[in-house]
Amino acid sequence: MILTNDLRRGLVIQLDQAPCLVLDVSFQSPSARGGNTLVKTKYRNLLTGQVLEKAFKAGDKVDEADFERRKGQFLYPSGDGGVFMDLESYEQYELGEELFAPVQGYLLEGAEVTLGVFQGQVVSVDAPMVVELVVTDTAPAIKNATATAQTKEAVLETGLRLQVPGYLEAGEKVKVDTREGRFVSRA
């Protein structure tokens, strides 16, 4: 059990028999005397992927989920999904498109990931915050384009498409932020 006053981003709680990742927490003080402080939360149900909101009274108790984060490794794509391995138990999991699709463009075979395990079942896959990938295709560098920050589309080795600065060329390695899917810098 955990008090609603102690909720914070990144915590996994159990609501309606499902693990839910807390995305945002805000506290709303009462306007009337004797009113209860409300703890408003925004969370993602890790089984369905739905993002929901719920308000609790301050001091209420919620269950902490039987949820564990484990080091894992992406082995290879399989159909629309992917095969991952738990680096502690060496157990392999074949995950479907709903879990694999959001991270697919950031993972090369052998990449380390974080697997979210709920009651023995993998319910989430998190790529590292920043990954290094090679640009395989992009338009030629834009000459004399220094007045404004010009961008162009590039295709990376995983098939991911994103906007990069105009000076980048095919064959260069870049760093990509996996949370926002944007170019960070040259690697």
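A residue counts as buried when its relative accessible area is under 20%, and as exposed when that area is over 50%. The exercises below apply to a predicted model.

**Exercise 1. Decide whether leucine 21 is buried or exposed, and describe its surroundings.**

Solution.
- Step 1. Locate the residue: leucine 21 lies in strand E3, which covers residues 18-28.
- Step 2. Compare its value with the cut-off. The relative accessibility of leucine 21 is 16%, so leucine 21 is buried.
- Step 3. List contacts, leaving out residues up to four places away in sequence. Leucine 21 touches Gly10, Leu11, Val12, Lys42, Tyr43, Arg44, Leu46 and Arg69.
- Step 4. Take one of these contacts, glycine 10. Glycine 10 and leucine 21 are 11 residues apart along the chain, and their C-alpha atoms are separated by 6.1 Å.

**Exercise 2. Classify the aromatic pair formed by phenylalanine 84 and phenylalanine 100.**

Solution.
- Step 1. Choose the quantities: a pair of aromatic rings is described by the distance of the centres and the angle of the planes.
- Step 2. Search the whole structure, which gives three aromatic pairs. In the pair of phenylalanine 84 and phenylalanine 100, the centres are 6.0 Å apart and the planes make an angle of 70°.
- Step 3. Apply the cut-offs: centres within 6.5 Å make a pair, and planes over 60 degrees apart count as edge-to-face. The pair of phenylalanine 84 and phenylalanine 100 is edge-to-face.
- Step 4. Place both rings in the chain. Phenylalanine 84 belongs to strand E8 (residues 81-86) and phenylalanine 100 to helix H1 (residues 97-100); the pair links distant parts of the chain, 16 residues apart.
- Step 5. Check burial. Phenylalanine 84 has a relative accessible area of 0% and is buried; phenylalanine 100, at 2%, is buried as well.
- Step 6. Add the third member: Phe74 forms one aromatic cluster with Phe84 and Phe100.

**Exercise 3. Trace how strand E13 pairs with strands E12 and E14.**

Solution.
- Step 1. Begin with E12 (residues 130-138). Three bridges join E12 to E13 (residues 151-156), and the two strands run antiparallel. Valine 135 stands opposite leucine 156 in E13.
- Step 2. Continue with E14 (residues 161-165). E13 pairs with E14 over five bridges, in the antiparallel sense. Here threonine 151 is opposite proline 165 in E14.
- Step 3. Examine the connection. E13 and E14 form a hairpin with four residues between them. In the turn, glycine 159 has a positive phi of about 95°.

**Exercise 4. Describe the secondary structure of residues 69-123.**

Solution.
- Step 1. Consult the record: an unreviewed UniProt entry places "domain: Translation elongation factor P/YeiP central" at residues 69-123.
- Step 2. Read the composition: this stretch is 7% helix and 55% strand.
- Step 3. Compare its ends: the end C-alpha atoms are 10 Å apart.

Note on methods. Residues are numbered from 1 along each chain as its sequence is written. This is a predicted model: local features need pLDDT of at least 70, side-chain atom pairs count only at pLDDT 80 or more; totals for chains, interfaces and linings use all residues. Side-chain values use heavy atoms; hydrogens and water are left out. UniProt positions are given in the numbering used here, feature names are shortened, and annotations may be inferred rather than shown by experiment. Rings of Phe, Tyr and Trp (its six-membered ring) pair if their centres lie within 6.5 Å; planes under 30 degrees apart count as stacked, over 60 as edge-to-face and the rest as tilted. Buried means under 20% relative accessible area, exposed over 50%, partly exposed in between (1.4 Å probe, protein chains only). Contact means heavy atoms within 4.5 Å. Two strands pair if DSSP finds at least two bridges between them.
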